[in-house]
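Student: I would like to learn how to read burial, ligand surroundings and cysteine pairing from a set of coordinates. Please take one feature at a time.

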Amino acid sequence: METYRAIVNKRDTRALRPDPIPDEVLARILQAGRMAGSAKAAEPVRLVVLKDPARRAELAACGNFTPHLLAAPVVVAIVLVPEVDQPHGQFAIFRGPFDAGRAAQNMMLAAWEAGISSCPASMHHAEAAAKVLGLPPGHVVANTIAFGYPAGADPVTGQRPRMPLDDYVRWERW
Ligand SMILES: Cc1cc2nc3c(=O)[nH]c(=O)nc-3n(C[C@H](O)[C@H](O)[C@H](O)COP(=O)(O)O)c2cc1C
């Protein structure tokens, strides 16, 4: 798939089939996340992959809009580790979320190229999610992503136009 087409066609999809994702395809998706750059090349992102339905259900209970975590055959939790020079969690405010977002979009686009849809699911109860995942102290869940083959048209997809480019982009000054 041409890169630009993949980027502009990709929509978040919650209607996912339970069919398994082949290991080699999943490996490519995870590799795409690993290759994302990070501020100061600190690499604060780690991934926890969940396939087990019971584990996915536990994680789904930690967010408020998460039915797609139950439908998906694979859920990837994006975890931020505390940086050595920012021991008080400042990474979570400044660099970490940007790095996590880059890894997330890389993975979603690599999946999309392979015909696999995806949708993030926020962990509104972040401490509970950290407990479910068994994270060490100071580690936080930036977000989770459900991956799976599309079950059909997402009822919401296509009805969410983006704002006009002129509203989105300013030139030289706000
Ligand atoms: C940081 C982030 C968190 C999100 N959390 C959720 C969520 O908890 N549940 C959900 O159904 N969708 C979630 N989404 C998906 C958004 O609703 C989706 O990106 C938005 O509606 C645009 O979708 P589209 O690209 O298909 O138009 C999240 C997206 C982002 C970027």
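Tutor: Begin with G63, which counts as buried because its relative accessibility is 12%. Buried means under 20% relative accessible area, exposed over 50%, and partly exposed in between, with a 1.4 Å probe and protein chains only. This is a predicted model, in which local features need pLDDT of at least 70 and side-chain atom pairs count only at pLDDT 80 or more, while totals for chains, interfaces and linings use all residues. Residues are numbered from 1 along each chain as its sequence is written, and side-chain values use heavy atoms, with hydrogens and water left out.

Student: Where does G63 lie?

Tutor: Helices (H or I, at least four residues) and strands (E, at least two) are DSSP runs, numbered from the N terminus. G63 sits in the loop that joins α3 (53–60) to α4 (67–71).

Student: Which residues is G63 in contact with, leaving aside its neighbours within four places in sequence?

Tutor: Contact means heavy atoms within 4.5 Å. On that basis G63 touches S122, M123, H124 and H125.

Student: Which residues are around the ligand?

Tutor: A residue is near a molecule or strand if one of its heavy atoms lies within 4 Å of it. Here the shell consists of R11, D12, R14, F65, H68, C119, P120, A121, S122, N143, R160 and R162. Strand β3 (residues 117–121) gives the most to this shell, with three residues.

Student: How are polar contacts with the ligand read?

Tutor: A polar contact is a pair of N or O atoms within 3.5 Å; within protein, one must be able to donate a hydrogen and the other to accept it, and residues adjacent in sequence count only if both atoms are side-chain atoms. R14 places a polar side-chain atom 2.7 Å from a ligand oxygen atom. For F65, a backbone N or O atom is 2.8 Å from a nitrogen atom of the ligand. A polar backbone atom of P120 lies 3.5 Å from a ligand nitrogen atom.

Student: How many disulfides does the structure hold?

Tutor: A disulfide is a pair of cysteine sulfur atoms within 2.5 Å. The structure has zero. C62 is in none, and the nearest cysteine sulfur, that of C119, is 17 Å away.

Student: Why is the sulfur of C119 not in a bond with that of C62?

Tutor: Because the separation of 17 Å is too far for a bond.

Student: Are these two cysteines buried or exposed?

Tutor: C62 is buried, with a relative accessible area of 4%. C119 also counts as buried, at 3% relative accessibility.
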